Every structure is written in structure tokens, then in C-alpha cells.
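Student: Could you take me slowly through one part of this structure, the part towards the end of the chain, and show me how its helices, strands and loops are held against one another? I would like to know what each statement rests on.

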Amino acid sequence: MSKAGGSVGLIKPTDRPGSRSADNLIKLLPPSVELIQSSLNITTGILQELEQALKDYEGKVAEMAERGVDLIHPAGVPPLLLGYQGERDLVARWERRYKKPVFTNGMSQVHALKVFGAKRIVGASYFKGGVNRSFGDYLSQAGFEVLAMEGMDVDFQKVLSLDPAEILQFIERLYLRFEKVDAIYLLGSAW
């Protein structure tokens with residue numbers, strides 16, 4: 001079923017019109033690697049919807065394993081809501097059950113932040129309230145000092161239409177509140 005270079009099963013949290021993250025990922029992959037996509041139906045980005053989506057990932061991970069992919073990537077925020085160790089426990093359970101390697105955005109991003117030596121982080125997102133607290137806790141549990149994790153006041157469905165200058169102003173205001181920031185973390189692939 002898969003190409004000579006293997007296959008990756010990508011489970012996106014939303015199939016929001018205009019979302020180009022999977023298209024960009026395809027451009028980065030070698031031509032010999034096949035990308036098989038599926039998505040959930042997150043539409044509001046509120047905590048309750050993301051918690052439900054976390055449950056929905058189970059079926060999607062099983063579907064990818066049944067399709068015979070070589071690597072499974074449940075992308076997006078929902079797995080991070082379990083906290084740093086909870087996410088790792090979930091991934092380990094999926095790997096045992098489905099006999100496939102699994103990785104999340106959080107796992108990749110924590111690794112990248114550590115490789116770059118980041119310790120003090122300012123985070124920005126387009127999510128509201130509890131999501132930002134949960135992700136700030138996730139990063140803290142991963143060993144970072146989270147100075148702030150704040151969401152821009154924007155409707156979830158309108159994130160893709162934001163002016164990049166407006167996003168930059170939001171991030172700059174957040175960043176300038178602190179001294180010695182090692183990294184700025186942007187939560188959410190839509191921006």
C-alpha cells in the first residue's frame with residue numbers, strides 16, 4: 001500500500017477551509033514518502049470541544065493503523081491537554097495497541113525547544129482560556145519556565161484571515177512584558 005519510502009498517517013484536528021499545513025508538510029517530505037490524511041471536525045477551538053476531540057483521536061489512530069501506515073501523527077492541541085506525562089502515556093498505549101510508532105506536535109516541539117536551549121518561554125495562541133492554561137501547564141511539566149501563554153481575541157473560524165501585522169503586534173506586546181525570553185511559542189497551526 002505505501003510507497004517505497006513508507007507512509008505517514010496525519011490526523012488533523014480540523015479541516016478548516018484555507019488550512020494549508022498538510023500541503024506544506026507534503027512539500028517537505030521526500031517524494032518516496034506517502035502522506036495519508038484524516039481529520040476531526042473542530043470548529044470552535046473551545047476546551048470542551050478539544051476534550052471531545054481527544055476521545056475522537058482514538059478511532060482515527062485505529063483507522064490509520066488499519067490502513068497500514070508506517071508512522072502515525074495525531075496533530076494538534078488535544079493530546080497536549082492530558083499534560084506532558086499524560087500525553088506520553090497515551091502515545092505509549094497507542095503504540096502498544098496498534099503496533100505503530102506515534103508522535104504528536106507537542107513531542108516534536110518540546111524536543112526542538114530543548115535542542116535550541118530554550119528555558120524561558122512566552123506562548124501565544126488564538127485559543128481561549130482553559131486551552132492556554134492547559135498548554136502552559138504542559139510546557140511547565142516538560143521543564144520550561146512559561147512566562148505567559150495567552151490567546152489573541154479572535155474568532156476561531158477567522159484566524160486564517162488575520163493580518164500578519166496584527167498577529168505580530170499581539171506577539172510583540174506579549175514578548176516585551178518580560179526580560180530574557182528564550183523562545184516565543186505559537187500554539188496552533190492556522191497561523
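Tutor: What follows is a close look at two helices, the strands beside them, and the loops and charged pairs around them.

Please keep in mind from the start that this is a predicted model, and that every value below is computed from it.

Let us begin with helix α6, which runs through residues 164–175. Its 12 residues should span 16 Å at 1.5 Å a residue, and because its end C-alpha atoms are in fact 16 Å apart, the model agrees with that expectation. Within α6, the residues Ile167, Phe170, Ile171 and Leu174 are buried, where buried means under 20% relative accessible area. These residues cover an arc of only 90° around the axis, which means that they sit on the same side of α6. A general rule helps here: an α-helix has 3.6 residues a turn, so residues three or four places apart point the same way. As for what lies over the buried residues of α6, the cover includes strands β4 (120–125), β5 (145–151) and β6.

Helix α5, at residues 130–141, can be examined in the same manner. Helix α5 also has 12 residues, and the 16 Å from its first C-alpha to its last is close to the 16 Å expected at 1.5 Å a residue. Its buried residues are Gly130, Val131, Asn132, Phe135, Gly136, Tyr138 and Leu139. They pack against the helices α2 (47–66), α3 (83–98) and α4 (105–115), and also against the strands β4, β5 and β6. Strands β4, β5 and β6 are thus in the list of what the buried residues of α5 pack against, and these strands are also among the cover of the buried residues of α6. Just after α5 comes glycine 143, which takes a positive phi of about 105°.

Strands β4 and β5 are also linked through charged side chains. Arginine 120 and glutamate 145 meet in a salt bridge, at 3.1 Å from N to O. This pair links distant parts of the chain, since arginine 120 belongs to strand β4 and glutamate 145 to strand β5, 25 residues apart. Arginine 120 counts as partly exposed because its relative accessibility is 21%, and glutamate 145 is likewise partly exposed, with a relative accessible area of 41%.

A further pair joins two loops. Lysine 128 forms a salt bridge with aspartate 153, and their closest N and O atoms are 3.9 Å apart. Lysine 128 lies in the loop between β4 and α5, while aspartate 153 lies in the loop between β5 and α6, so the pair ties together parts that are 25 residues apart in sequence. Lysine 128 is partly exposed, with a relative accessible area of 41%, whereas aspartate 153 is exposed, at 73%. If we leave aside its neighbours within four places in sequence, lysine 128 is in contact with Met152, Asp153, Val154 and Asp155.

Next, arginine 177 and glutamate 150 form a salt bridge in which the closest N and O atoms are 2.8 Å apart. Because arginine 177 lies in the loop between α6 and β6 and glutamate 150 lies in strand β5, this pair ties together parts that are 27 residues apart in sequence. Glutamate 150 is partly exposed, its relative accessible area being 28%. The structure holds 8 salt bridges, among them the pairs described above.

The loop between α6 and β6 also holds lysine 180. Phi of lysine 180 is near 50°, a positive value in a residue other than glycine. Lysine 180 counts as exposed because its relative accessibility is 59%, and the cut-off for exposed is over 50%.

After that loop comes strand β6, residues 183–187, in which leucine 186 lies. Leucine 186 has 37% relative accessibility and therefore counts as partly exposed. Together with Tyr175, Leu176 and Ile184, Leu186 makes a nonpolar surface patch of about 380 Å².

To put the picture together, α6 turns its buried residues to one side, strands β4, β5 and β6 are included in what covers them, and a salt bridge joins Arg177 to Glu150.

Note on methods: Residues are numbered from 1 along each chain as its sequence is written. This is a predicted model: local features need pLDDT of at least 70, side-chain atom pairs count only at pLDDT 80 or more; totals for chains, interfaces and linings use all residues. Side-chain values use heavy atoms; hydrogens and water are left out. Patches are made of residues with over 30% relative accessible area and no salt bridge: like charges are joined within 9 Å, nonpolar side chains (Val, Leu, Ile, Met, Phe, Trp, Tyr) within 5 Å. Accessible areas come from the Shrake-Rupley method with a 1.4 Å probe; for residues, only the protein chains shown count as cover. A salt bridge is a side-chain nitrogen of Lys or Arg within 4 Å of a carboxyl oxygen of Asp or Glu. Helices (H or I, at least four residues) and strands (E, at least two) are DSSP runs, numbered from the N terminus. Buried means under 20% relative accessible area, exposed over 50%, partly exposed in between (1.4 Å probe, protein chains only). The expected span of a helix is 1.5 Å times one less than its number of residues. The arc is that of the directions from the helix axis to the C-beta atoms. Contact means heavy atoms within 4.5 Å.
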